[in-house]
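This report describes the fold of a single protein chain, beginning with a backbone detail and proceeding to the helix contacts and the nonpolar cores.

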Amino acid sequence: MSKQAPLYNRLALIGVGLIGSSIARAAKAQGAVGSIVATARSEATRKRVAELGLADQVVETAAAAVEGADLVIVCTPVGVCGTVAKEIAPHLAPDATVSDVGSVKGSIVRDMGPHIPSGVHFVPAHPVAGTEYSGPDAGFAELFVNRWCILTPPPGQDQAAIDKLAAFWKLLGANVETMAPDHHDLVLAVTSHLPHLIAYTIVGTADELETVTRSEVLKFSAGGFRDFTRIAASDPTMWRDIFITNKDAVLEMLGRFNEDIALLTKAIRNGDGDTLFEHFTRTRAIRKGIVQIGQDSPAPDFGRSHQNLPPEPLPKPYASDD
């Protein structure tokens, strides 16, 4: 059976870190695009992208990358997406679709939207997938399999363009949901942004304890602390931008979290085992629910199953420890 025709003729990737390089690998493996052109801010990254063969063409600027592309995906930190949109705007092809992969959508719509010219479709997106690694070596084609990609198109966008981008992400293995940008930011503040803030805080606190040496923290790390360190190893530039651009939603969730911490502190101080048991039982049920709907597995692989992949997937140059 012959492969289906590509959904897009030319994909332009602006930024080729974990997400961008995984899109490139998955799109190639699935035949989702005819060709890929990529660019990155640093010369070293562009050189590495070429060495890995992630793109058919590697260019120096975002403006050059989008020439003739019918799909443009901006994979930079959210704080610079508006600047990128302004740079590429005069060079976008008519009827092209511009998207992104940022974890905050309200600021993306606000910062990118005004620069997108008439006749070009603007469909922001957030693939809810990732690891603690970054850079073009970190990506792999299976990253999006059975993960969610949330589309947050502003009002008035062409439905056919939205559906086509949804089909693209489904071809890469993702489940697709559409929601309003502000609602997305509130949901992700709960499920992603606050947990990262907590992880950064706990690992930082452990590092600053004078009565516990760094060697002891490393040597005697229990499973929970190890999981926190994995999350806290995420790209600092990306997460700095996320907390600044999604400030309101994060602060709202942080306020609720502090209230819950106060209640648990009181229960521990008073020896209130019933309150602690009830809280732990309720939160345990949430973990079971996540496993039951297939968003993780009991296995220690973070649920990254490899179903629905081509029989001969592309090589996966995982990030090495050295």
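N146 is situated in the loop that joins strand 7 (125-128) to strand 8. The model is a predicted one, and in it N146 adopts a positive phi of about 65° although it is not a glycine. In general, most residues other than glycine have a negative phi. With a relative accessibility of 22%, N146 counts as partly exposed, because the buried class ends under 20%.

A second residue of this kind is D95, which is not a glycine and has a positive phi near 70°. D95 belongs to the loop between helix 4 (81-88) and strand 5 (97-100). D95 is exposed, its relative accessible area being 53%.

**Overall composition**

The protein chain contains 12 helices and nine strands. Of its 322 residues, 43% are buried. Among contacts in the chain with a separation of 6 or more, 76% are between residues 24 or more positions apart.

**Helix contacts**

Two helix pairs are set out below.

| Helix pair | Angle between axes | Axis distance |
|---|---|---|
| Helix 7 (181-208) and helix 10 (236-245) | roughly 120° | within 11 Å |
| Helix 11 (247-269) and helix 12 (273-292) | about 135° | 8 Å |

Helix 11 is therefore oblique to helix 12. On the side of helix 11 the contact is made by L264, A267 and I268, and on the side of helix 12 by T275, L276 and H279. By class, the residues of this contact are four nonpolar, two polar and no charged.

Helix 7 and helix 10 are likewise oblique to each other, as follows from their crossing angle. Their crossing is left-handed. Helix 7 contributes S192, H193, H196, L197 and Y200 to the contact, while helix 10 contributes W239, I242 and F243. Five of the residues in the contact of helix 7 with helix 10 are nonpolar, three are polar and none is charged.

H196, a residue of helix 7, merits a closer description. Its relative accessible area is 14%, and H196 is therefore buried. Neighbours within four places in sequence aside, H196 is in contact with I231, S234, W239 and F243. Of these partners, W239 and F243 are also among the helix 10 residues that make the contact with helix 7.

**Nonpolar cores**

The largest nonpolar core has 39 residues, and the members that touch the most others are I23, L151, F168 and W169. At least two residues of this core come from each of strand 1 (8-14), helix 1 (18-30), strand 2 (33-39), strand 4 (71-74), strand 8 (148-151) and helix 6 (159-171). Helix 1 supplies the most, with six residues.

Which residues surround L151, once its neighbours within four places in sequence are left aside? L151 is in contact with V123, P124, A125, I162, L165, A166, W169, V176, E177, T178 and M179. One of these partners, W169, is itself listed with L151 among the core members that touch the most others. Apart from this core lies another, of 22 residues, which includes V78, I108, V120 and F122.

Note on methods:
Residues are numbered from 1 along each chain as its sequence is written. This is a predicted model: local features need pLDDT of at least 70, side-chain atom pairs count only at pLDDT 80 or more; totals for chains, interfaces and linings use all residues. Side-chain values use heavy atoms; hydrogens and water are left out. A nonpolar core is a set of buried Ala, Val, Leu, Ile, Met, Phe, Trp, Tyr and Cys residues joined through side-chain atoms within 4.5 Å. Buried means under 20% relative accessible area, exposed over 50%, partly exposed in between (1.4 Å probe, protein chains only). Helices (H or I, at least four residues) and strands (E, at least two) are DSSP runs, numbered from the N terminus. Contact means heavy atoms within 4.5 Å. Axes are lines fitted to C-alpha atoms, for helices over the stretch in contact, and angles run from 0 to 180 degrees between N-to-C directions. Angles under 35 degrees count as roughly parallel, over 145 as roughly antiparallel, 65 to 115 as roughly perpendicular and the rest as oblique. A crossing is left-handed if the near helix is turned anticlockwise from the far one by less than a right angle, and right-handed if clockwise. Ala, Val, Leu, Ile, Met, Phe, Trp, Tyr, Cys and Pro count as nonpolar, Asp, Glu, Lys and Arg as charged, and the others, Gly among them, as polar.
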